[in-house]
Amino acid sequence: MVIDAIFNPENWAAVPAGFWAAVFFVFGCIVGSFLNVVIHRLPLGESVVSPPSHCPHCKYSIPWWLNIPLVTWLWLRGKCANCRAPISPRYFLVELLTGLAFLACWLQFGAQSAPLALAYALLLAGFIAAAFIDLEHMIIPDELTLGGIGAGLLCSFFVPALHDAATLTGSLKQSLLGAAVGGGIIYAVLRVGKLLFGRQQVALAGETRIILGETAVILPDKEIPYEELFYRQSDTVQLHATTVELIDRCYRDVTVKLSPARLQIGDDRFSPDEVHYLEAVTRALTGLSSTLQG
Ligand SMILES: [Zn+2]
C-alpha cells in the first residue's frame, strides 16, 4: 500500500529514530484542536467546519498563528488574545491528550504498520470527543456513535490487520461481529440499568394538577412522553390522587396505575384507549419497572 511505502523504514534510514513519533504527536495535537471544535459545537448542532475558530465571548476570529495547538493556550495563559476572557483549560487538555494518544498508538503499532497505528489513533480520537461531550452534556451525539460504526467498518475495510485478518471479507465479518457485540453490551447495560434502577420518582411541589394525555404525562412545567416511562408492557406509572377527573366521572382519594395495556383507578379498570384524557391532583408520580412491583 502507498502508506506503507511512505512509512517504510528503509526510505527513512537517514531520519532520526524519534521522527515519526514526533510527527504522530504533533498530528495528534492538531487533531485534538479540531476535537475541541467538535466538542464545543456538535452538541449545539453547529457546523464543525464553518465559521472558522473564534472566541466564544467576543467572536474574535482567531488567526492561524494564534491557533497553534498547546502553544497558543500556554502563550496566552489561557486567555483570549482580543478580549482576555478565560479560555477553558479543556482546550489545552484535549490537545495534549490527543497528541499523547496518537503518540502511544505509533509506539504500540507503528513498527507493525502505520495504517494500523492511524486506525487506532482515530478510534481514540473518537473516544476523547465522546468522553468530553458526555462529561459536559450527558449525551454522546449520534454523529459520533453511528459515525464511529461507519468509520470502524471503513477502517476494517482498508486495514484488515486491525482484526489480524488476512482477507477483506474476514476483516469485515470480524468488524460487523464487533459492532454487534459492542452494541449488544450497551443494550444489555440499558436493560439491566432499567431493571435495577427502574424506579423513578417525580416529586411535585405540593398538590399539583397533572394530565394523563394521549401521548404524554403533562405536568405544569414539562411533558413526559409515555415512551420515556413505558419501556415494557409491564412498566407502570403510579400516583395517589386527591381527585381524579375523567370526562364523564370523578374520583376522590384513589390510587391510579397506568401501564401501556391497562389503566386502573381505585378498583375500576379501563383500557387506556378508552380514556383519552385524565386530570388528577397529586403530590408525586412514581414510575415503576416491572421487577420492582412485587
Ligand atoms: Zn475574546
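So, a quick word on terms before we start: when I say "domain" today, the bounds come from an automatic or database domain assignment. With that in mind, the C-alpha centres of domain 1 and domain 2 in this chain lie 46 Å apart. The assignment puts domain 1 at residues 2-194 and domain 2 at 200-292. And please keep in mind that what's on the screen is a predicted model.

Okay, overall shape. Along its principal axes, the C-alpha trace spans about 90 × 55 × 30 Å. For 294 residues, a compact globule would come out with a radius of gyration near 19 Å, and this chain has 27 Å. Buried residues account for 23% of the chain. In terms of secondary structure, we've got 8 helices and 8 strands. And if you take contacts between residues at least 6 apart in sequence, 59% of them join residues at least 24 apart.

Let's go to the helices. Which residues have the most contacts inside the largest nonpolar core? Those are L35, F102, C105, A121 and A129, in a core of 33 residues. Three helices, α2 (19-41), α4 (89-109) and α5 (114-137), each put in at least two residues, and α5 gives the most, with 11. As a general point, nonpolar side chains in soluble globular proteins tend to be buried together.

C105 is a nice place to stand and look around. Skipping its neighbours within four places in sequence, C105 touches F24, A117, Y120, A121 and L124. If you're clicking along, F24 is one of the buried residues of α2, while A117, Y120 and A121 are among the buried residues of α5.

Now α5 by itself. This helix has 24 residues and covers 34 Å from its first C-alpha to its last, close to the 34 Å you'd expect at 1.5 Å a residue. Its buried set includes a run from A117 through A121, and further along you find I128, A129, A130 and I133. Right after α5 comes M138, with a positive phi near 60°.

α2 tells a similar kind of story. Here we have 23 residues reaching 33 Å end to end, close to the expected 33 Å. Buried residues in α2 include W20, F24, F25, L35 and I39, plus some you might not bet on, such as S33 and N36. What do the buried residues of α2 pack against? They pack against α4 and α5.

Right, over to the strands. There's a second, separate core of 15 residues, and V217, L229, L263 and I265 are among its members.

I'll walk through the strands in pairs. β4 (residues 236-245) runs antiparallel to β8 (residues 278-288), joined by 8 bridges, and in that pairing Q238 sits opposite T286. β4 also pairs antiparallel with β5, again through 8 bridges. There, V237 is opposite L258, and a hairpin of 4 residues connects β4 to β5.

Moving on, β5 and β6 are antiparallel with 4 bridges, and they make a hairpin with 2 residues in between. Then 3 bridges tie β6 to β7 (residues 268-270), antiparallel once more, with L263 across from F270. In the hairpin of β6 and β7, G266 has a positive phi near 60°.

β6 (residues 262-265) is the one I'd zoom in on. Which of its side chains are buried? L263 and I265 point to one face and are buried, whereas R262 and Q264 point to the other face and are not. And remember, L263 and I265 both belong to that second core.

Last stop, K257, which is in strand β5 (residues 250-259). Is K257 buried, exposed or partly exposed? It's partly exposed, because 17 other C-beta atoms lie within 10 Å, and being buried takes 20 or more while being exposed takes 12 or fewer. On the β6 side, K257 stands opposite Q264. Apart from its neighbours within four places in sequence, K257 is in contact with T236, Q238 and Q264. And on the β4 side, the C-alpha atoms of K257 and V237 are 5.7 Å apart, though the two residues are 20 apart along the chain.

That's my tour, so over to you.

Terms used. Residues are numbered from 1 along each chain as its sequence is written. This is a predicted model: local features need pLDDT of at least 70, side-chain atom pairs count only at pLDDT 80 or more; totals for chains, interfaces and linings use all residues. A nonpolar core is a set of buried Ala, Val, Leu, Ile, Met, Phe, Trp, Tyr and Cys residues joined through C-beta atoms within 7 Å. Two residues are in contact if their C-beta atoms, placed from the backbone, lie within 7 Å. The radius of gyration is taken over C-alpha atoms; the globule rule is 2.2 Å times the number of residues to the power 0.38. The expected span of a helix is 1.5 Å times one less than its number of residues. Two strands pair if DSSP finds at least two bridges between them.
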